[in-house]
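Visitor: Hey, can we look at this one together? I'm new to this, so plain words please.
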Amino acid sequence: MQIIIVGCGNVGSSIARQLSKEGHNLTIVDVNERAVRELSDAIDVLGIVGSGSQLAVLKQADVADADLLIAVTDSDERNLVCCLIAKKAGTKNTIARVRDPEFFDEIELIKNDLGLSLYVNPELNAAEEIARLLKFPTAMEIDSFANGRVDLMKFEVGEGSPLCGLKLKDIPARLQCDILICVVERGNETFIPTGDFTLNKGDKIGVVASGRKSAKFLKALDLNKGRVRSCLIVGGGELTYYLADMLVATGVEVKIVEKSKKRCDELAELLPEAIIIYGDGADKSLLLEEGIDRTEAFLALTNYDEENVMMSIYAGKVNPKAKLITKVHRSAYDDIIYDMNVGSIINPKLITSESVVKYVRAMVNSTSSNMEALYQLNAGKAEAMEFTVKSASGLVDVPLMNVKLKPNVLVACIIHHGQIETPKGSSVIRMGDRVIVVTTETGFEDISDILR
Amino acid sequence: MNLSIIRYILGRVLQFLGGFLILPVIVSLIYKEYNTGLIFLAIAVASFILGSVSSFFKPKNNAFYAREGFVTVSLSWILLSLVGAVPFVLTGEIPHITDAVFETVSGFTTTGASILSDVESMSQTAMFWRCFTNWIGGMGVLVFIMAILPLSGSYNMHLMRAESTGPSVGKLVPRVKNTAKILYGIYLGLTLVLIVSYMCAGMKLYDALIISFSTMGTGGFANLNASLGGYSHGAQVVSIIFMILCGINFNAYFLIISRKPGEFFKIEEVRWYLIILFLAAAAITVQIRGSYASLYSAAHDATFQVVSIMTTTGFSVTDFDTWPMFSKTILLMLMVIGGCAGSTSGGIKVSRLLILFRTLGKEASHLTHPRSVKKMRLNGQTVVEETSKSVYSFLIAYVVVLMVSVLIVSADGFDFTTSFTSVLSMLGNVGPGLSVVGPAGNYSGFSDLSKITLLLDMLAGRLEIFPMMVLFYFGTWKRG
């Protein structure tokens with residue numbers, strides 16, 4: 001497909017890398033000449049320097065023949081204007097990033113008038129993900145499928161855990177619960193394990209299970225801590241606002257530390273039930289004063305990756321029991337912070353690119369089956385996808401043991417008429433089922449792509 | 001420096017060279033020159049096998065940056081020239097190795113300078129290969145490979161930038177592969193039209209084919225001692241038109257194909273290129289009018305020569321060495337200027353000249369208004385500082401290479417005109433110079449040292465100096 005991406009910041013470039021890898025023809029547009037040059041040197045795209053809200057610039061990018069335009073500049077207004085112009089000039093579909101709650105609340109109202117196909121709000125999506133994590137504080141990552149009925153949760157196998165040294169095929173018998181471990185991270189590597197895979201201390205495992213089963217699993221592993229009731233958030237950006245709004249509604253005690261007086265005033269007005277502290281989160285004594293050693297969760301959500309990591313490490317030291325959540329934007333840090341004690345890592349950029357990539361794959365493949373969800377695991381090294389099976393490919397009505405799957409592909413869950421089934425060799429996928437697939441391959445657009 | 005990926009790409013280059021060498025084998029079958037054909041076939045197979053062996057193992061590490069791009073491109077061209085020269089030596093057409101390499105480099109770089117005093121005695125097979133190197137060298141071998149092979153990843157842009165001509169190389173469409181395909185598509189299309197046109201002008205198929213190769217690549221190899229002077233008047237007119245076309249930026253043709261002809265006429269470079277051609281031709285016509293029977297024939301010869309030199313083709317229809325000094329000086333200046341960026345011609349390119357002149361204008365305006373802020377524009381777009389800087393350093397490098405080479409070549413004891421114009425002609429990939437190396441002469445009289453200097457000049461001129469400079473810069477090869 002011909003795709004134009006306006007804005008080559010963090011989000012734009014990560015979307016561009018992913019889509020270029022999947023074989024689309026990309027044109028990138030940005031006012032920053034240097035950013036355009038660096039990205040077009042790194043990947044095979046056509047770079048154009050100029051403002052994406054100018055028709056002349058968009059024409060250079062061949063806007064009339066483009067299948068999709070993705071506007072991810074740092075300004076919401078520019079993104080919307082850009083999509084509107086592109087749509088008028090003939091682009092078939094447009095996606096805009098909209099972050100500001102001021103716009104976001106009304107976006108549904110104007111979506112059709114602007115001709116938007118999709119809008120993404122990374123801050124809101126990240127806030128939703130954090131809210132889920134605070135419900136299950138022992139999980140490092142939670143991605144939900146089938147409208148929240150099935151979760152893919154990531155845990156670390158701790159010292160002395162009953163899972164240590166266990167083969168995967170022995171787990172259901174030993175723990176007496178029916179769960180499936182579908183992905184294992186060890187060091188910097190990611191595996192799709194087979195039944196003979198033996199778990200070690202320090203492995204990070206991804207478990208697919210429905211709510212009830214996962215509760216049983218957590219109990220068996222002695223990981224069933226209750227949900228978080230109080231939290232301390234450093235940094236008062238949009239993400240914090242969306243998150244605090246959700247948490248306050250569920251009765252969590254929220255404390256927000258923010259550096260800017262003006263922003264504090266705004267937050268105090270928007271979130272009357274939260275405690276807003278005007279101060280610098282990097283100040284140790286301030287954090288102690290506000291109870292960093294007592295809080296159940298510590299969230300470092302400022303706009304500076306380095307500061308966030310430092311604060312989380314400190315929080316982990318003074319309060320080892322607290323749930324830590326750290327926002328990190330730059331993927332360059334992935335390998336460095338991998339074994340640091342910073343708790344769950346939230347990357348809003350990755351969340352945006354997930355939803356855009358999902359949309360693009362669904363556009364390519366509008367025929368047989370629909371991709372309902374797409375999550376990138378372990379910084380994009382693996383993917384979990386949910387499909388609705390709509391056509392009779394070689395997959396349907398055949399026991400799974402007779403289906404020839406590609407290597408490194410696992411069918412992790414089958415949902416048949418609302419019944420959640422953990423797949424076995426004898427399980428059968430039927431028409432209309434929802435299927436969750438986990439893989440280290442990339443670029444799957446259709447459920448039939450998992451076949452060899 | 002990632003050597004394994006360079007080895008891989010060089011292997012691919014050898015494979016393609018093997019493929020190219022099959023073409024003369026076909027010619028040898030038609031002309032029943034079986035012995036020559038057999039030698040070509042053997043070299044083709046050897047080159048292909050060698051290439052396959054060296055590209056059999058995929059590189060472990062795919063890191064490929066600008067310096068790998070420069071080094072790969074310069075090494076590819078050196079490799080092409082060395083292997084491409086083998087057939088000339090083994091068939092005995094050009095027994096001396098330095099001469100054979102000189103002739104091949106001259107072919108690939110589209111220079112068209114020859115060390116042969118009697119071209120007509122060459123076999124048809126070898127002649128075909130000699131002219132074919134002009135064609136493939138014109139648009140670039142790596143661009144050709146990129147159009148066919150899925151050399152995906154980040155490295156193709158670095159390769160394309162190092163091999164294509166002009167101060168700033170851009171893509172036409174998002175993918176390098178498709179850009180390369182479009183460029184070669186235009187190139188091939190124009191070549192076919194040219195072959196037919198030559199045949200309409202009375203040439204035989206074989207002649208039309210090989211002269212088309214040299215014309216399209218703006219190379220200048222011909223199969224007659226009298227160059228294009230030995231062909232009909234009509235063929236010469238066809239040649240003038242296509243030389244002009246090949247001196248134009250190929251991106252401009254893409255604009256026409258994609259139905260944006262309005263933008264085609266906005267390209268200032270093309271406009272100035274045509275203006276310079278016209279002025280030079282008019283000035284020379286006036287000067288040489290006296291020695292011709294009619295104004296038309298004077299204008300014809302003047303135009304042909306001006307076009308041939310400015311597009312750096314190097315065909316000749318008359319011995320312009322006998323022309324008045326003023327006319328010869330104009331031709332020398334055209335040699336330096338060359339055609340448009342992104343064309344198959346050589347020289348420093350019209351766009352660089354425009355940037356240089358505009359820099360002077362900007363400087364003058366800056367002196368009168370010291371606080372003024374001004375941006376330079378070319379083709380309706382702002383020229384970024386880095387581009388104009390690279391143009392200055394290019395010009396400096398050009399002058400340095402020119403001076404050093406003239407110094408080396410002058411050791412052979414030829415007069416200054418010969419030494420100077422031979423180097424100038426080589427750097428601009430033109431072919432003929434003046435005096436001993438004029439259109440009636442050739443380069444066989446130089447010593448081996450001078451020939452090697454000249455062939456390095458040709459490579460430096462074709463790749464626009466920087467890739468060769470990076471190859472010989474010691475910092476390139478340092479670890480880390």
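Visitor: Among contacts in chain A between residues at least 6 apart in sequence, what percentage join residues at least 24 apart?
Guide: That's 60%. Two residues are in contact if their C-beta atoms, placed from the backbone, lie within 7 Å.

Visitor: Anything I should know before we go on?
Guide: This is a predicted model, where local features need pLDDT of at least 70 and side-chain atom pairs count only at pLDDT 80 or more, while totals for chains, interfaces and linings use all residues. Residues are numbered from 1 along each chain as its sequence is written, and chains are lettered from A and ligands numbered from 1 in the order in which they are written.

Visitor: OK, how many helices and strands are in chain A?
Guide: Chain A has 15 helices and 22 strands. Those are DSSP runs numbered from the N terminus: helices are H or I with at least four residues, strands are E with at least two.

Visitor: And why call chain A as compact as a globular protein of that length?
Guide: Because its radius of gyration is 23 Å, close to the 22 Å that the globule rule gives for 452 residues. The radius is taken over C-alpha atoms, and the rule is 2.2 Å times the number of residues to the power 0.38. The C-alpha atoms fill a box of roughly 65 × 60 × 40 Å along the principal axes.

Visitor: How is chain A divided into domains?
Guide: Into domain 1 (2–120), domain 2 (230–346) and domain 3 (365–450), with bounds from an automatic or database domain assignment. Taken over C-alpha atoms, the centres of domain 1 and domain 3 of chain A are 31 Å apart.

Visitor: Got a sheet to show me?
Guide: Sure, there's an open one of 5 strands in chain A, in the order 18-19-22-20-21, with antiparallel pairing. Strands pair if DSSP finds at least two bridges between them. Strand 18 (370–377) and strand 21 (419–421) of chain A are the edges, each pairing on one side only.

Visitor: Over how many bridges do strand 20 and strand 22 of chain A pair?
Guide: Over 6 bridges, in the antiparallel sense; strand 20 covers residues 409–416 and strand 22 covers 434–439. For A:I415, the bridge partner in strand 22 of chain A is A:R434.

Visitor: Switching topic: how many residues of chain A are in contact with chain B?
Guide: 11 residues of chain A, meeting 10 residues of chain B. Strand 2 (25–30) and helix 2 (33–42) of chain A each supply at least two residues of the chain A side. Helix 2 of chain A gives the most, with 4 residues.
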